[in-house]
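Biologist: I am new to this structure and would be grateful for a close look at a single part of it. Please choose one region, describe it carefully, and then show how it is connected with the rest of the chain.

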Amino acid sequence: MRRVLSFLFGWCFIIVCVVFSIKSTALNPNFYIPKYEEMELASDIGVSKKDLNQSIRLLLDYLDDKRDDIKGHITWYGVSQETFDKKETSHMVDVKALYQNALKVAKMAFIILGLVVLYFYLNDKTLMFAYLSKGFLMAMFTFILMLVFFGFWILTDFTSFWTWFHTIFFSNQLWLLDPNTDFMICMLPETIFYKLVLACVVKVICFMALASVLAIYYMVKKAPIGFER
């Protein structure tokens, strides 16, 4: 029972860190805007820097549930138009639902974290950190295997990974946008998504590395001997 709970604690901790990394990176306009400047994306896709920056803020505020729609206007190659068309708007409804569901999972994982800690505190306070450390390291090992697999896939064939991701999490093909007619795919080219995914992965690795070092230190230096039962 204790081993199962400690392993569950480890995975819940990982889920919270992953979702936090996504939220702090993917929903941060300060991630995208410097990339736009480096790529000189605004001039490449025929919009002003102001329109481009306002468009990404519009999308991120919508995903973060700070607004109810993505209605806006831009001048694209000299033509004034709505920022996003019906297809793009429908796709973002799906994306927002996916992200908000991820937040709900993370919140649930955080609650479970607290309940597991409370269980050990009330039932086995002396060995609590020993169990939690071991459970985290076991969960971390399985997570590393997944990370290595997906990391290799991302680095060697990001397009294939990105296509797989969309087919798994979306039940329609609204995500198949046309750069000739859909502004969204122009303002969020594959290069941006590649850098975004790598940034999230690096942030997760940093969190996990720090937590792993602390857990290993406790197991080696602090944990009571013979706590397995």
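Modeller: Two strands are said to pair if DSSP finds at least two bridges between them. With that rule in mind, I shall begin at a hairpin, bearing in mind that the model is a predicted one. Strand S1, residues 73-76, runs antiparallel to strand S2, residues 79-82, and four bridges join the two. One of the residues involved is His73, whose bridge partner in S2 is Glu82.

The turn deserves attention in its own right. Two residues lie between the strands of this hairpin, and Tyr77 belongs to the loop that leads from S1 to S2. The phi angle of Tyr77 is near 50°, a positive value in a residue other than glycine. Tyr77 counts as exposed because its relative accessible area is 56%, and the threshold for that class is over 50%.

The strand before the turn has two unlike faces. Ile74 and Trp76 make up the covered face of S1, while His73 and Thr75 make up the uncovered one.

Moving back along the chain from S1, one reaches the loop between H4 and S1, where Asp65 is located. Asp65 also has a positive phi, near 65°, although the residue is not glycine. With a relative accessible area of 47%, Asp65 is partly exposed.

This loop also takes part in salt bridges, of which a search of the whole structure finds five. As background, side chains of opposite charge can pair when their charged atoms come close. Lys23 forms a salt bridge with Asp64, and their closest N and O atoms are 3.0 Å apart. Lys23 belongs to helix H1 and Asp64 to the loop between H4 and S1, so this pair ties together parts of the chain that are 41 residues apart in sequence. Lys23 is partly exposed, with a relative accessible area of 35%. Asp64 also meets Lys66 in a salt bridge, at 3.6 Å from N to O. Lys66 counts as exposed, since its relative accessibility is 60%.

The neighbouring acidic residue, Asp65, has a partner in another element. The side chains of Lys96 and Asp65 form a salt bridge of 2.8 Å, N to O. This pair also links distant parts of the chain, with Lys96 in helix H5 and Asp65 in the loop between H4 and S1, 31 residues apart. Lys96 counts as buried because its relative accessibility is 12%, and residues under 20% fall into that class. Of these residues, Lys23, Asp64 and Lys66 are joined into one network by salt bridges that share partners.

From the charged loop we may turn to the interior. In soluble globular proteins, nonpolar side chains tend to be buried together. Here, the largest nonpolar core has 38 residues, and Tyr32, Tyr36, Leu52, Phe183, Met187 and Leu188 have the most contacts inside it. S1 is one of the elements that each supply at least two residues of this core; others among them are H4, H5 and helix H9 (190-222). H4 gives this core its largest share, seven residues. A second, separate core has eleven residues, including Leu5, Phe9, Ala109 and Phe120. For a view of the surroundings of one residue in the largest core, consider Leu188: apart from neighbours within four places in sequence, Leu188 is in contact with Tyr32, Tyr36, Ile56, Leu59 and Phe193.

Helix H5, which holds the Lys96 partner of the loop, spans residues 86-123 and also includes Leu118. Leu118 is partly exposed, with a relative accessible area of 43%. Together with Ile111, Leu115, Tyr121 and Leu122, Leu118 forms a nonpolar patch on the surface, and the accessible area of these residues together is about 530 Å².

In summary, the hairpin of S1 and S2 is held by four antiparallel bridges, and the loop before S1 is linked to helix H1 through Asp64 and to helix H5 through Asp65. S1 itself contributes at least two residues to the largest nonpolar core.

Note on methods:
Residues are numbered from 1 along each chain as its sequence is written. This is a predicted model: local features need pLDDT of at least 70, side-chain atom pairs count only at pLDDT 80 or more; totals for chains, interfaces and linings use all residues. Side-chain values use heavy atoms; hydrogens and water are left out. Patches are made of residues with over 30% relative accessible area and no salt bridge: like charges are joined within 9 Å, nonpolar side chains (Val, Leu, Ile, Met, Phe, Trp, Tyr) within 5 Å. Accessible areas come from the Shrake-Rupley method with a 1.4 Å probe; for residues, only the protein chains shown count as cover. A salt bridge is a side-chain nitrogen of Lys or Arg within 4 Å of a carboxyl oxygen of Asp or Glu. Buried means under 20% relative accessible area, exposed over 50%, partly exposed in between (1.4 Å probe, protein chains only). A nonpolar core is a set of buried Ala, Val, Leu, Ile, Met, Phe, Trp, Tyr and Cys residues joined through side-chain atoms within 4.5 Å. Contact means heavy atoms within 4.5 Å.
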